[in-house]
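Visitor: Before any term is accepted, I should like to hear the definition on which it rests. May we proceed in that manner?

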There are 2 protein chains.
Amino acid sequence: MREDDITTWFRQQRELSPVQIPIGIGDDMAQIAVAHGSSVLITTDMLLDGTHFDMATAGLERVGYKSMAASLSDCAAMATIPIGAVVAVGLPARFGELRLKELHAGIVAAADKYDCPLVGGDITSWQGAGRLAVCVSMLSKPGEKPPVRRNGARVGDVICVTGSLGGSGLRKHLNFEPRVKEALEMVRIADLNAMMDISDGLSTDLNRICTQSGVGALLEATALPISTDAQRLADPVAAALNEGEDFELLFTLSPEQWGRLRGQWSSPVPLTEIGRITDTGRMQIRGADGRVVDLEPGGYEHLGS
Amino acid sequence: MREDDITTWFRQQRELSPVQIPIGIGDDMAQIAVAHGSSVLITTDMLLDGTHFDMATAGLERVGYKSMAASLSDCAAMATIPIGAVVAVGLPARFGELRLKELHAGIVAAADKYDCPLVGGDITSWQGAGRLAVCVSMLSKPGEKPPVRRNGARVGDVICVTGSLGGSGLRKHLNFEPRVKEALEMVRIADLNAMMDISDGLSTDLNRICTQSGVGALLEATALPISTDAQRLADPVAAALNEGEDFELLFTLSPEQWGRLRGQWSSPVPLTEIGRITDTGRMQIRGADGRVVDLEPGGYEHLGS
């Protein structure tokens, strides 16, 4: 069973009240109603030494920054405003105060930069062998428009991404810039139909939008904004399609709204049209030679092989 | 440096806006303001295999239940109403679908019992060796009265606990009943000045109330409600004072309010007066022989020795 199948299974186990839980399992964040018609959104991400970072080479400040940035990217993925975070850590034995403070420095650097204060946490230690685990849970609130979900893509929509894709493992995954303010600016200008952040690879994450929206997609290989790091790899297109941890935004919107967004966009972060939402019910990609082939989700699988 | 010193250091690194973050680092939950004068509270707890449970003997359903119950106990500790939880897991390699579903069964059993839906999560796996880590983050909302904090104890207050103490490691730590409804009933009847849940042992947790409130305490050893499991141990009083994971509530209130609470209390969960808040600035305990001695925090220390 793959991660997405398990997520679907979890979602099916309990029906959540749409009044109390407007957005439940399966999106970038869940939305919970609070008093007086207001709501908050919540996301949680666990980062593990050896899986999401290498404690020995990354430096603990980078680890702290990345842990926060991954959750900030989830806030961006729904175009919501981060309001606070808690961090729980499972520390290796004899981790020590100095290293804990390094980790903390990275956490508060991200908190300061994105105006999302660290409000609490939990510190615990492995007994015996055990590697560093960092779990960030973050709250956000809706901006002026409702949160943008994964399930709203419509046939004919333009598919776009922010920034560039691929090669994140070389450098970017430790110091990427979550697209929080870009997302808020995008929804200020235009109406987006679907959005998520690319954490497991474009092909895998686009498949999530397609599946949840009940649509297909046709990507243009020549349109992919391939990062300079990915261009140095053996297969840059495959890196852009399948590598995880880009932490860019993947979104769809009508051609009219795309015209509007493109026309008014003044941020240095580029927005690129990479394809269209189709009624084929499956993902396809057109290569440089003009041939259209099926595209399988080939990105990172959290449950292993 | 001990856990409480580190927590204090973290709290001092950033001043949090009392408007946006009415309750920050150092209480059972943090409180974050949302739109329209409403607020939510958040807590996070990471439970580790070999530290908080033994995966091989506990059974994964119990592990899932305990993970949720620990956070529910934090909601109880502030007399707030749980509204939703997210769970992040770091899985050992080849954990498999069946075991994940067992863990999930325990999580939703607690979610159902305490009306706190599982709304999202994150699944990831260790590459290479790595043991199970489960991190629950839970949201609650204030009831009719403001959240009860740790820092409100006043000289002359009666110190009370729910249930019985000690010996939790034998059985109770895997299937305790978080005192969510008892806490809400207590604040309905009376005004509490300070409260927290006993997770690291009475002596350590009372010390937190005393430190944060700037007061001392005098406990009566003969008044401690020692659990039947602790009574079988070599030193039952020490077990009641210093063992962790009781997950009972420790609270203080004026003698008048205590009279009111005791008079109207009809729950099967007992409330017991165990001492008084004093102006000595330190914790003391009166033994069965009438002698008063200093009481040091002797409970569980998460940062190890």
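Visitor: How do you know how α3(B) and α4(B) lie with respect to each other, and at what angle do they cross?

Guide: This is a predicted model, in which local features need pLDDT of at least 70, side-chain atom pairs count only at pLDDT 80 or more, and totals for chains, interfaces and linings use all residues. Residues are numbered from 1 along each chain as its sequence is written, while chains are lettered from A and ligands numbered from 1 in the order in which they are written. Helices (H or I, at least four residues) and strands (E, at least two) are DSSP runs numbered from the N terminus. Axes are lines fitted to C-alpha atoms, for helices over the stretch in contact, with angles from 0 to 180 degrees between N-to-C directions. For α3 (residues 60–77) and α4 (residues 97–113) of chain B, the axes come within 6 Å and cross at roughly 35°.

Visitor: Why is the crossing of α3(B) and α4(B) given the hand that it has?

Guide: A crossing is left-handed if the near helix is turned anticlockwise from the far one by less than a right angle, and right-handed if clockwise. The crossing of α3(B) and α4(B) is right-handed.

Visitor: Which residues of α3(B) and α4(B) meet?

Guide: Contact requires C-beta atoms, placed from the backbone, within 7 Å. Among those that meet are L60(B), Y65(B) and L72(B) of α3(B), and L103(B), I107(B) and A111(B) of α4(B). The residues of this contact divide into 12 nonpolar, four polar and four charged; Ala, Val, Leu, Ile, Met, Phe, Trp, Tyr, Cys and Pro count as nonpolar, Asp, Glu, Lys and Arg as charged, and the others, Gly among them, as polar.

Visitor: What makes the relation of chain A to chain B that of a two-fold axis?

Guide: Copies are superposed by least squares on the C-alpha atoms of residues with pLDDT of at least 70 in both. A turn of 180° and a shift of 0.0 Å along the axis lay chain A on chain B with an RMSD of 0.0 Å. That is therefore the relation of a two-fold axis.

Visitor: How do you know through which surface the copies meet?

Guide: Of the interface residues of chain A, 100% are also interface residues in chain B, so the copies meet through the same surface. In this interface, 57 residues of chain A are in contact with 57 residues of chain B. β4(A) gives the most to the side of chain A that touches chain B, with seven residues.

Notes
Contact = placed C-beta atoms within 7 Å.
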